Amino acid sequence: MRLYTICVYLFLYIPIGVIALFSFNAGRHASQLQGFSTKWYGKALNNPFVMDALETSLMVAFASALCASVFGTMAAVALQGIKGPVRAVFDLLIYVAVMIPGIVIGIATLIGLVTVFDQLNPLIAAIWPGGFEPPKLRMGMGSLIAAHTMFLMALVVIIVRARLAGMDRALTEASSDLYATPMGTFRQVTLPMIFPAILAGFLLSFTFSFDDFIIAFFVAGSETTLPIYVFSSIRRGVTPEINAIGTMVLGVSLLMLITAQLLLQRGGKKSR
Amino acid sequence: MENGGYVGGTNPAGKKVIAELRGVSKRFGDVLAASELNLSIGEGEFLSFLGPSGCGKTTALRMLAGFEAPSEGDVLLDGEVVNTLDAHHRPVNMVFQQYALFPHMTVAQNIGYGLRQRRPRLPRAQIAEKVGKALDVVQLGGFESRRIWEMSGGQQQRVALARAIINEPKLLLLDEPMAALDRKLRKEMQIELQDLQRQLGITFVLVTHDQEEALSMSDRICIMRDGRIVQIGSPQQLYDRPNSRYVADFVGTSNFFDGKISDRSGELATVALDNGMSVQGKPGADLSVGQEVCISVRPEQMKLHHRHAGVDVEVHNRIFLGEHTEYLVSHETLGDFLVLSPRQSELAEGPFNVGDKATVTWEPSAALILDRN
């Protein structure tokens with residue numbers, strides 16, 4: 001049993017460890033260690049394609065995590081206020097949204113947006129004043145952010161809901177009893193108390209968006225995110241540069257995940 | 001329930017009415033949590049709702065606070081109907097059961113919370129000054145910048161109290177405020193609360209299931225059961241003249257003997273007990289001949305004798321309590337009951353030991369005839 005457990009963990013983590021290890025390889029072959037070097041990191045960071053993709057990824061991750069945090073929190077607070085079957089239906093829909101495979105979200109968003117854009121573009125062109133080139137809705141940064149926000153929102157709702165449910169209802173009642181308006185109560189009591197959860201939701205969302213390949217692959221249009229760049233360059237062979245990029249993404253992701261976890265734990269303890 | 005003239009649905013004369021419940025009922029789905037509550041609370045009064053959990057006392061308090069709206073009837077504050085007025089518009093403050101202090105704020109921020117909600121805004125210096133004064137009142141001067149979790153249970157309770165009284169509310173509502181304190185601290189806080197109430201002149205409404213707490217602090221007690229008010233009165237009235245077996249049992253200790261009224265003329269009535277004995281007692285409510293009733297005699301109203309005409313009993317247990325001795329005695333058909341014997345009569349009569357035969361007597365006027373419920 002113990003051996004079996006060890007095997008499972010090795011199977012999970014050895015490939016990751018190998019990527020990290022080979023990212024420091026001095027040689028140019030991905031299968032042969034030839035001394036320690038950080039030159040591939042330098043190379044990756046000086047590659048304009050990599051930096052472009054990184055910029056796109058960061059922008060998408062930041063924007064979608066921000067939107068998801070704001071809308072997710074609003075949804076969570078609203079859901080906390082309703083009861084009965086309506087709430088059960090919404091709860092179910094949210095859990096389903098988290099479980100839906102990325103490929104389904106990707107294809108569905110692609111088809112949905114393309115259909116809508118095809119309908120809207122002639123309309124916009126028709127009402128656009130003459131003499132100017134009418135703007136054309138197409139897949140790109142906007143659709144990427146929208147698609148990511150959609151599935152990340154469900155994640156934020158779940159995290160914030162858990163925190164709200166753990167909060168003593170007497171606290172909001174006490175605030176109201178002490179003459180605070182509902183908005184005042186939200187700003188002065190609810191928000192500070194659920195803030196760690198919102199921040200954790202933001203960081204998790206950021207990580208998920210930053211790492212996402214499947215959804216991005218469908219809806220990115222002409223944009224290239226970092227995972228898409230890695231995927232396309234792997235077709236030309238795995239270089240230590242790719243390993244370096246992978247290791248950096250891993251490092252950033254881990255850091256955010258750990259921060260999020262700490263925030264959730266600390267926030268949970270304080271409310272008791 | 002309006003019987004005997006001492007249900008006391010109205011406020012004692014001479015006090016201005018600050019809050020009122022008029023035929024108030026509250027339903028949660030199919031559950032009737034409060035039913036036709038009628039009560040007026042006088043200015044500066046210390047009133048307690050007493051009853052077991054689920055009797056509707058907390059619901060009554062929450063309707064005064066504005067957390068629940070009545071399903072029927074009217075809640076009045078200072079003469080105005082406030083049925084659906086939100087809690088944040090009511091000049092009423094509450095001390096919550098678990099205090100509900102804001103964990104992300106300091107002691108001073110917690111106490112100043114109510115003042116900070118005022119529009120137009122109060123100057124900061126004025127808030128700080130009032131917070132300092134409120135802290136002094138609850139004897140926590142210098143604790144301004146402490147965090148809530150650094151405070152003990154008793155200190156947290158004082159913070160909750162200061163947070164409420166700083167707003168000078170018309171009504172201060174206290175929801176089982178002592179429940180989380182240990183016994184010794186509870187005694188201290190009871191005395192402090194009473195002092196505070198006299199000092200500030202604020203009307204206090206307390207909810208509790210602890211009869212001792214209610215008896216020792218309140219001007220009036222409102223006894224509740226299954227969502228209804230059973231009796232309202234001063235602690236003495238409730239103890240001396242309970243209007244039902246329920247009240248006699250809930251307030252203090254009493255011995256009960258079941259029977260039927262056989263004669264009812266003049267001051268006293270005669271009750272034929274279920275075991276065949278016939279005893280006289282004072283009707284505690286409007287009762288008619290043939291009605292199933294019970295007789296209630298307080299343990300301290302009973303006298304224990306060595307040789308005397310009375311109810312023959314055998315001493316089962318003896319607990320020496322200093323100024324009193326508590327005897328558990330047993331009668332062949334009446335069962336076990338308690339007799340509380342003062343030290344002086346003990347000295348005069350000589351001691352009773354476990355296993356001794358003895359007789360018990362009581363004055364007919366000390367035997368209250370009550371409804372069985």
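**Exercise 1. Work out how covered helix H4 of chain A is, and how its span compares with expectation.**

Solution. Helix H4(A) is hardly covered, since the count of buried residues among its 16 residues is 1. Keep in mind that we are working with a predicted model. For the burial step, a residue counts as buried if 20 or more other C-beta atoms lie within 10 Å of its own. Next, take the span: H4(A) covers residues 84-99 and reaches 23 Å from its first C-alpha to its last. That is close to the 22 Å expected at 1.5 Å a residue.

**Exercise 2. Describe the open sheet of chain B and find its edges.**

Solution. Start with the strand order, which is S2-S1-S4-S5 in chain B, with antiparallel pairing across the 4 strands. Now look for strands with a single partner: these are S2 (31-42) and S5 (80-81) of chain B, so each has one side without a neighbour in the sheet. Moving inward, S1 (residues 17-28) and S4 (residues 72-77) of chain B are joined by 5 bridges in the antiparallel sense. To check the register, pick Arg22(B) and look across to S4(B), where Asp74(B) stands opposite. Finally, add the helix: H1 (residues 57-65) of chain B packs on this sheet and touches S1, S2 and S4 of chain B. The direction of H1 makes about 120° with that of S1(B).

**Exercise 3. Trace the hairpin made by S9 and S10 of chain B.**

Solution. First, the pairing: S9 (residues 220-225) of chain B runs antiparallel to S10(B), with 5 bridges between them. One of the partnerships links Met224(B) to Ile229(B) in S10(B). Second, the turn: 2 residues lie between the strands of this hairpin, and Asp226(B) in the turn has a positive phi of about 50°. Third, burial: S10 (residues 228-233) of chain B is mostly covered, with 5 of its 6 residues buried.

**Exercise 4. Set out the two contacts that chain B takes part in: between its domains, and with chain A.**

Solution. Begin inside chain B, where the domain assignment gives domain 1 (17-245) and domain 2 (253-371). Their C-alpha centres lie 39 Å apart. The contact between them takes 5 residues from domain 1 and 8 residues from domain 2 of chain B. On the domain 1 side, these divide into 1 nonpolar, 2 polar and 2 charged.

Now turn to the chains: 15 residues of chain B and 17 residues of chain A make the contact. In chain B, strand S6 (92-95) and helix H3 (113-116) each supply at least two residues of that side. Sorting the chain B side by type gives 9 nonpolar, 6 polar and no charged residues.

Note on methods
Residues are numbered from 1 along each chain as its sequence is written. Chains are lettered from A and ligands numbered from 1 in the order in which they are written. This is a predicted model: local features need pLDDT of at least 70, side-chain atom pairs count only at pLDDT 80 or more; totals for chains, interfaces and linings use all residues. The expected span of a helix is 1.5 Å times one less than its number of residues. A residue is buried if 20 or more other C-beta atoms lie within 10 Å of its own, exposed if 12 or fewer, and partly exposed in between; C-beta atoms are placed from the backbone. Domain bounds come from an automatic or database domain assignment. Two residues are in contact if their C-beta atoms, placed from the backbone, lie within 7 Å. Ala, Val, Leu, Ile, Met, Phe, Trp, Tyr, Cys and Pro count as nonpolar, Asp, Glu, Lys and Arg as charged, and the others, Gly among them, as polar. Two strands pair if DSSP finds at least two bridges between them. Axes are lines fitted to C-alpha atoms, for helices over the stretch in contact, and angles run from 0 to 180 degrees between N-to-C directions.
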